[in-house]
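Dear colleague,

I am passing on to you the structure that follows, together with its sequence. Please look it over first, and then read the notes below it, which go through what was found.

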Amino acid sequence: MTVAKKIEDTLSRSSWIRRMFEEGAELKRIHGPENVYDFSLGNPNLAPPPRFREVLRELVATDRDDSHAYMPNTGYPSACAAVAGFVDREQGVALEGSDVILTCGAAGALNIAFKALLDPGDEVLTPVPCFVEYGFYADNHGGVLRTVPSRADFQLDLEAMRAAIGPRTKIVLINSPNNPTGAVYGAESLKALGGLLREKQRELNRTIYLISDEPYRKVVYDGIQVPSLFASYPESVLATSYSKDISIPGERIGFVAVNPQAAHRKKLIAGMALANRILGFVNAPALMQRAIERLQGEHADIDAYRRKRELLCDGLAAMGYRFVKPAGTFYLFPQSPIPDDVEFVQALKAERVLVVPGSGFHGPGHFRIAFCVEDSVIRNAMGKFERAIRKYTK
Ligand SMILES: Cc1ncc(COP(=O)(O)O)c(C=O)c1O
């Protein structure tokens with residue numbers, strides 16, 4: 001054996017999303033891509049906003065010899081300042097460029113935060129269903145992911161959270177708008193969570209950080225606004241990216257911002273800057289830093305995702321599928337018509353519809369549909385969804 005035992009084990013348990021993606025590639029090879037309805041990946045299908053390409057052209061035209069050099073590990077100060085200026089307004093809390101570190105996507109943001117905060121055996125608590133990579137990220141840095149149930153409507157269950165917090169809890173990680181459920185936590189809920197964490201900090205005599213993973217913050221519908229994290233709790237860190245809202249996941253650009261009221265803010269920023277370097281990211285991609293400096297507030301055509309959501313939700317509801325309509329993201333997380341979600345996902349696969357079992361997100365009994373696809377894929381898949389549910393219901 002050549003690879004490490006832990007990697008060997010992880011490879012053999014390989015993520016459901018990847019597995020569906022690989023099986024999908026095989027189905028497409030056999031039947032042709034137009035005959036496979038692939039809802040497995042959260043890869044935004046909308047084009048980036050037109051301004052993105054304009055900015056890239058401007059940047060290339062004004063390229064200088066030092067445009068591709070190293071810069072501070074936290075990022076270009078002017079880019080950090082532009083991000084801080086935008087987050088300041090969004091969060092309603094005064095922020096400076098020095099409160100921000102530019103990262104390689106939200107994944108890079110979470111990894112540097114975990115690296116800077118976790119001692120071996122420290123726990124990261126997260127409500128489930130959740131993004132499956134969280135467990136790997138915690139483990140990367142000696143931490144342990146502990147899952148906490150959510151309410152039936154996928155909102156925060158504060159009593160479950162209260163029961164889960166213990167002497168090893170270092171981080172409570174939330175993700176709103178949520179992958180895979182599409183749930184958005186309201187301001188009252190965040191405030192109550194902040195209150196609970198304050199109480200637990202006093203009781204356990206230990207700092208507990210609240211990290212909010214928010215790459216879908218701008219992908220929300222019906223006028224919903226994602227409330228301010230920083231207003232809810234001082235020891236908080238925002239981790240996010242431009243992957244989903246500007247449709248540039250391959251460009252690997254995101255950031256962490258630390259609440260200016262956090263007690264150990266300077267040390268935490270220094271720790272994460274060091275982590276950015278020693279994890280091998282060094283810094284976020286230079287060209288993208290300069291791009292996002294000029295793109296604050298831009299986003300892809302979110303209304304197109306809203307229309308896809310309507311098309312999918314109306315169609316599936318009429319067939320008898322049961323779900324909580326997502327308030328944000330481009331995911332729908334319906335109940336499986338049978339308890340075994342993996343079996344139902346196989347039934348859909350037999351119709352050449354690819355989705356991911358809820359078990360892959362610590363949410364068994366459900367399945368995830370990523371509707372960031374062409375409208376025609378949704379329309380053409382409707383009959384297939386119907387045939388699959390009819391196998392199990394009258
Ligand atoms: C909830 C959540 N967090 C983090 C990420 C990673 O985002 P990025 O590609 O910006 O690293 C994803 C990607 O799908 C996600 O869904």
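To start with one residue, the side chain of T240 reaches the backbone oxygen of E214 at 2.9 Å. Please keep in mind throughout that this is a predicted model. T240 itself sits in strand β7, which covers residues 236-241, and it counts as buried because its relative accessible area is 8%, where buried means under 20%. Setting aside residues up to four places away in sequence, T240 touches T103, G105, A106, A109, E214, P215, G254 and F255, so that E214 appears both among these contacts and as the partner of the T240 side chain.

The ligand

A106, one of the residues that T240 touches, also takes part in holding a place beside the ligand: a polar backbone atom of A106 is 2.9 Å from an oxygen atom of the ligand. Two side chains make comparable approaches, in that a polar side-chain atom of N179 lies 2.8 Å from a ligand oxygen, and an N or O atom in the side chain of K244 is 2.9 Å from an oxygen atom of the ligand. Taken alone, the ligand exposes 400 Å², and the protein buries 91% of that.

There are 14 residues around the ligand, of which D213, Y216, S241, S243 and R252 come nearest. By class, this shell is made up of six nonpolar, five polar and three charged residues, and helix α5 (residues 105-117) gives the most to it, with three residues.

The nonpolar cores

Away from the question of the ligand, the largest nonpolar core has 49 residues, and F39, Y321 and F385 are those with the most contacts inside it. At least two residues of this core come from each of α2 (16-31), α11 (302-319), β9 (331-332), α12 (341-350), β10 (353-354), β12 (367-370) and α13 (375-390). If its neighbours within four places in sequence are left aside, F39 is in contact with a list of residues that includes V353, L354, I369, A370, V377 and F385. A second, separate core has 45 residues, among them M71, V100, Y242 and L295.

Backbone details to check

Most residues other than glycine have a negative phi, and most peptide bonds are trans. Against that background, four places may be worth a look on your screen.

A cis peptide bond joins S176 and P177, with omega about -5 degrees, and another cis peptide bond joins N179 and P180, with omega about 25 degrees. P177 lies in the loop between β5 (169-175) and α8 (187-204), and P180 is found in the loop between β5 and α8 as well. N179, which precedes the second of these bonds, is also the residue whose side chain lies 2.8 Å from a ligand oxygen.

F154 has a positive phi of about 70 degrees although it is not a glycine, and its place is in the loop between β4 (144-149) and α7 (158-164). N205 likewise has a positive phi, of about 50 degrees, without being a glycine, and is found in the loop between α8 and β6 (209-213). Are these two residues, F154 and N205, buried or exposed? F154 counts as buried because its relative accessibility is 8%, whereas N205 counts as exposed because its relative accessibility is 69%.

With best wishes

Definitions and conventions. Residues are numbered from 1 along each chain as its sequence is written. This is a predicted model: local features need pLDDT of at least 70, side-chain atom pairs count only at pLDDT 80 or more; totals for chains, interfaces and linings use all residues. Side-chain values use heavy atoms; hydrogens and water are left out. A residue is near a molecule or strand if one of its heavy atoms lies within 4 Å of it. A polar contact is a pair of N or O atoms within 3.5 Å; within protein, one must be able to donate a hydrogen and the other to accept it, and residues adjacent in sequence count only if both atoms are side-chain atoms. Accessible areas come from the Shrake-Rupley method with a 1.4 Å probe; for residues, only the protein chains shown count as cover. Helices (H or I, at least four residues) and strands (E, at least two) are DSSP runs, numbered from the N terminus. Ala, Val, Leu, Ile, Met, Phe, Trp, Tyr, Cys and Pro count as nonpolar, Asp, Glu, Lys and Arg as charged, and the others, Gly among them, as polar. A nonpolar core is a set of buried Ala, Val, Leu, Ile, Met, Phe, Trp, Tyr and Cys residues joined through side-chain atoms within 4.5 Å. Buried means under 20% relative accessible area, exposed over 50%, partly exposed in between (1.4 Å probe, protein chains only). Contact means heavy atoms within 4.5 Å.
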